[in-house]
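Trainee: Please take me through the reading of a model like this one, feature by feature, with the general idea before each case.

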Amino acid sequence: MPELDDNESRFQTFQGLVYYKVDTALALRSNQFKLLIFVLALSNFALSWPWYYVGGMYNNQTGETKVIEGIWEVWATIMDTGIQFYALYPWSRMCAALICIMGLLFASVLTGFVVDAVMEKMNDLRKG
């Protein structure tokens, strides 16, 4: 039986095939941007659940939660990382810090996309 080279052997397992498909899909900038938007939306909804309970969005007297308000506050904190001053208690400060870090990561990746696109255009102009 002949030996397989690296290109053929990576498809011998299902895991290798999945890695190859994901790598191929994420090679396109449009797919990277779609993944970034999906992760942002997912983190917004995932972080809004603890935010209404920890951050005071849960009304203990009536038992009501303001889901839309919690989602909006998480979105505002992700987009503007300096507005978490209203977090008064240690748990709400930890939750606000986590949301702030997610916002910083999102802004950094988005800035990287913009810089990469501008550099690509500059290289195209340089080539003529």
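**Reading the model**

Mentor: Let us start with one residue: Ser43 is buried, because its relative accessible area is 10%, and buried means under 20%, exposed over 50% and partly exposed in between, with a 1.4 Å probe and protein chains only. Ser43 has its place in helix 3, residues 29–54, where helices (H or I, at least four residues) and strands (E, at least two) are DSSP runs numbered from the N terminus. The model is predicted, so local features need pLDDT of at least 70 and side-chain atom pairs count only at pLDDT 80 or more, while totals for chains, interfaces and linings use all residues. Residues are numbered from 1 along each chain as its sequence is written, and side-chain values use heavy atoms, with hydrogens and water left out.

Trainee: What average pLDDT does the protein have, and in which helix is confidence lowest?

Mentor: The pLDDT is the predictor's confidence in each residue, from 0 to 100. The protein averages 77, and 77% of its residues score at least 70. Confidence is lowest in helix 1 (residues 6–9), with a mean of 56, and highest in helix 5 (residues 90–127), where the value is 86. Where pLDDT is low, the predicted coordinates should not be read in detail.

Trainee: How many helices and strands make up the secondary structure?

Mentor: There are five helices and zero strands, and from the N terminus on the order of elements is α-α-α-α-α. Of the 128 residues in the protein, 20% are buried.

Trainee: Which residues are in contact with Ser43, once its neighbours within four places in sequence are left aside?

Mentor: Contact means heavy atoms within 4.5 Å. With those neighbours set aside, Ser43 is in contact with Ile78 and Met102. Leu40, which also has its place in helix 3, is buried, because its relative accessibility is 8%. Not counting residues up to four places away in sequence, Leu40 touches Trp75, Ile78, Met79 and Phe106. For the last of these, the C-alpha atoms of Leu40 and Phe106 lie 7.3 Å apart in space, although the two residues are 66 apart in sequence. Over the whole protein, 48% of the contacts with a separation of 6 or more are between residues 24 or more positions apart.

Trainee: Where is Asp80, and how far is it from Gly103 in space?

Mentor: Asp80 is in the loop between helix 4 (67–79) and helix 5, and it counts as partly exposed because its relative accessibility is 43%. Asp80 and Gly103 are 23 residues apart in sequence, and their C-alpha atoms are 7.5 Å apart.

Trainee: How many salt bridges does the structure hold?

Mentor: A salt bridge is a side-chain nitrogen of Lys or Arg within 4 Å of a carboxyl oxygen of Asp or Glu. The structure holds two. In one of them the side chains of Asp116 and Arg29 meet at 3.0 Å, N to O, and this pair links distant parts of the chain, with Asp116 in helix 5 and Arg29 in helix 3, 87 residues apart. Glu120 also forms a salt bridge with Arg29, with the closest N and O atoms 2.8 Å apart; Glu120 lies in helix 5 and Arg29 in helix 3, so the pair ties together parts that are 91 residues apart in sequence. Arg29, Asp116 and Glu120 are thus named together as a network of salt bridges.

Trainee: Are these residues buried or partly exposed?

Mentor: Asp116 counts as partly exposed at 39% relative accessibility, as does Arg29 at 30% and Glu120 at 42%.

Trainee: How many disulfides does the count come to?

Mentor: A disulfide is a pair of cysteine sulfur atoms within 2.5 Å, and by this rule the count comes to zero. Cys95 is buried, with a relative accessible area of 9%, and Cys100 counts as buried at 11%.

Trainee: Which elements give two or more residues to the nonpolar patch?

Mentor: Patches are made of residues with over 30% relative accessible area and no salt bridge, with like charges joined within 9 Å and nonpolar side chains (Val, Leu, Ile, Met, Phe, Trp, Tyr) within 5 Å. Here a nonpolar surface patch of about 1,000 Å² includes Phe14, Tyr19, Val22 and Phe38. The elements that give it two or more residues are helix 2 (14–25) and helix 3, and helix 2 supplies the largest share, six residues. Val22 has its place in helix 2 and counts as partly exposed at 42% relative accessibility.

Conventions: Areas by Shrake-Rupley, 256 points an atom, 1.4 Å probe, with all protein chains shown as cover.
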